[in-house]
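Biologist: Before I rely on any of the terms in the description, I would like to hear how each one is earned. Could you take me through them one at a time?

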Amino acid sequence: MDSWLAPDVPDLPGSGPEPVIWDTASGSLAVAAAGSAATLYACGITPYDATHVGHAATYLAWDLLVRAWRDAGKTVTYVQNVTDVDDPLLERADRDGEDWRELADREIALFRSDMAALRVLPPSHYIGAVEALPLIRDMNLRLAQRDALYEIDGDVYFCRSADAAFGSVSGLDSDTMVRLSAENGGDPARPGKKDPVDPLVWLTKRPGEPSWPSQFGPGRPGWHVECAAIATHYLGVTFDVQAGGRDLIFPHHEMSAAHARVALDGIGEPPFARRYAHSGMVRLDGEKMSKSRGNLVFVSRLLAAGHDPMAVRLAIIAHPYRADWDWTPASLSAAATRLAAWRAAADRSTAGADGSASGAATLAAVRDRLADDLDAPGAIAAVDDWAVAATAGRAAGSGGLIRAAVDALLGIAL
Ligand code: 5CA
Ligand code: ZN
């Protein structure tokens with residue numbers, strides 16, 4: 001499907017350092033993508049409600065990674081999916097008496113406009129589950145050929161026991177896996193399952209629900225196989241980074257990796273992602289912001305209320321991406337104040353030659369922080385220091401470079 005219009009990324013002199021990122025699977029910092037090409041799969045939205053600040057924070061984190069990679073001279077291929085058919089979407093459409101496709105189309109359109117307003121670089125491939133059905137059927141066929149599937153009343157499950165490396169993404173014990181599976185769309189208590197956490201790869205047609213033909217009969221795809229199929233089709237069997245919010249570590253990322261490992265085993269490197277990057281959860285009043293809880297601050301509402309999208313972006317990236325944090329109106333006003341200070345400093349220091357070299361030093365500091373596990377707060381602090389100097393008239397001539405650096409690396413247009 002169409003993604004959204006790419007914002008301009010100004011050219012910067014030289015190039016940035018090799019980005020490293022925290023890898024959940026190994027529990028350590030790691031080079032995010034060795035070599036001159038970088039490949040990223042970020043799990044996309046389930047479009048049954050508008051983009052909230054939590055979604056935005058997660059996509060902004062991966063946007064910083066893409067910007068850091070580009071600045072390091074890499075060619076980036078970025079794939080994002082849209083889970084445009086799944087239980088929560090169908091349930092919401094049913095509740096509101098709306099056609100599920102219309103609901104999905106509307107929310108996807110809103111997501112696109114929110115991402116464009118926040119100057120998020122679009123993925124190279126933006127792929128819906130429905131349009132990916134042939135890929136999903138193909139992956140399910142491979143799983144069946146490897147004896148990794150079984151049926152209960154027409155529903156088709158994946159045997160986690162088929163994957164010798166199962167658990168290597170999340171590193172969780174079985175009890176925790178069962179609990180998280182129950183909380184995240186799984187059905188651990190269903191009688192007949194070989195293992196409580198085994199996930200569905202194909203749901204047989206239910207009355208009133210959409211369905212598509214498949215080798216197992218009419219139905220719709222499971223969630224994890226959707227991402228396994230899309231990621232490996234567009235990025236190759238092995239790719240650099242699988243990214244999502246921390247709530248996706250288990251079961252989603254563990255299961256997608258397990259499907260790919262079993263279906264594509266033996267083709268070159270171990271299948272699926274080399275690294276797993278996860279962002280923290282944004283909360284409202286101490287509770288995770290989530291569509292199911294309904295405690296949401298929508299990006300589109302903030303923008304409609306007249307907040308500068310650059311202030312919204314700055315408010316979000318001022319938090320370390322791996323931390324959990326609370327959205328507050330105060331953080332938005334602090335960001336607006338900071339943005340105004342940066343703009344005034346850039347205006348003040350546009351003229352003249354950069355005698356102090358503070359522009360170059362600030363660019364180096366921003367690059368260094370960003371490449372170090374996306375330390376946007378550290379990068380922001382470097383720009384704050386520059387703005388203090390520029391406002392005092394000690395950074396003449398550096399305004400142009402800082403404008404370009406802040407835009408290219410942090411996505412903030414001054
Ligand atoms: N469609 C699936 C992924 S394939 C899905 O999880 N969709 S979602 O709409 O529920 O979430 C989209 C992304 O936003 C995921 O990476 C999820 O981890 C992230 N996310 C959801 N809630 C929050 C939150 N409160 N804070 C930070 N990130 C969040
Ligand atoms: Zn996903």
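Biologist: How many cavities of 30 Å³ or more does the structure hold?

Modeller: The structure holds two cavities of 30 Å³ or more. This is a predicted model, in which local features need pLDDT of at least 70 and side-chain atom pairs count only at pLDDT 80 or more, while totals for chains, interfaces and linings use all residues. Residues are numbered from 1 along each chain as its sequence is written, chains are lettered from A and ligands numbered from 1 in the order in which they are written, and side-chain values use heavy atoms, with hydrogens and water left out.

Biologist: What makes a space a cavity, and how much space lies in the largest cavity?

Modeller: On a 1 Å grid over the protein atoms alone, a cavity is a set of points where a 1.4 Å probe fits but cannot get out, and lining residues have an atom within 4 Å of a point. Grid points are joined across faces, edges and corners, and a volume is the space filled by probe spheres set on the points. By that reckoning about 110 Å³ of space lies in the largest cavity. Its lining has 17 residues, and A57, A61, I316, H319 and Y321 lie nearest the centre.

Biologist: Which elements give two or more residues to the lining of the largest cavity?

Modeller: They are α1 (53-71), α9 (309-317) and α12 (376-391), and α1 gives the most, with five residues. Helices (H or I, at least four residues) and strands (E, at least two) are DSSP runs, numbered from the N terminus.

Biologist: How is the lining of the largest cavity divided by class?

Modeller: There are 13 nonpolar, four polar and no charged residues in the lining of the largest cavity. Here Ala, Val, Leu, Ile, Met, Phe, Trp, Tyr, Cys and Pro count as nonpolar, Asp, Glu, Lys and Arg as charged, and the others, Gly among them, as polar. The second largest cavity, with about 40 Å³ of space, is lined by G16, P17, A68, D71, R367, L370, A371 and L409, which divide into five nonpolar, one polar and two charged. The largest share of that lining, three residues, comes from α11.

Biologist: Why is α4 called roughly perpendicular to α6?

Modeller: Helix α4 (residues 133-145) and helix α6 (residues 223-235) pack at an angle of about 100°, with their axes 9 Å apart. Angles under 35 degrees count as roughly parallel, over 145 as roughly antiparallel, 65 to 115 as roughly perpendicular and the rest as oblique, so α4 is roughly perpendicular to α6. Axes are lines fitted to C-alpha atoms, for helices over the stretch in contact, and angles run from 0 to 180 degrees between N-to-C directions. Among the residues that meet, L135, I136, M139 and N140 belong to α4; contact means heavy atoms within 4.5 Å.

Biologist: Why, then, is α1 called oblique to α13?

Modeller: The angle between α1 and helix α13 (residues 399-410) is about 120°, and their axes are 8 Å apart; that angle therefore makes α1 oblique to α13. The residues in contact are L64, R67 and D71 of α1 with D407, A408, L409 and L410 of α13, and by class they are four nonpolar, no polar and three charged.

Biologist: How do you know that strands β8 and β9 pair?

Modeller: Two strands pair if DSSP finds at least two bridges between them, and β8 (residues 200-204) and β9 pair in the antiparallel sense over three bridges. T204 stands opposite G219 in β9. These strands belong to an open sheet of four strands, with the order β6-β7-β8-β9 and antiparallel pairing.

Biologist: What makes β6 and β9 edge strands?

Modeller: Both β6 (149-152) and β9 (219-221) pair on one side only.

Biologist: Which sheet has parallel pairing?

Modeller: An open sheet of five strands has parallel pairing, in the order β5-β4-β3-β10-β11. Within this sheet, six bridges join strand β3 (residues 37-42) to strand β4 (residues 75-82), and Y41 stands opposite V79 in β4.

Biologist: Which residues does a cis peptide bond join, and where is the place of P251?

Modeller: The cis peptide bond joins F250 and P251, with omega about 5°, and P251 has its place in helix α7 (residues 249-263).

Biologist: What is phi of R119?

Modeller: Phi of R119 is near 55°, a positive value in a residue other than glycine, and R119 is found in the loop between α3 (100-117) and β5 (125-128).

Terms used:
On a 1 Å grid over the protein atoms alone, a cavity is a set of points where a 1.4 Å probe fits but cannot get out, and a pocket is an open set with protein on both sides within 12 Å along at least five of seven lines; lining residues have an atom within 4 Å of a point.
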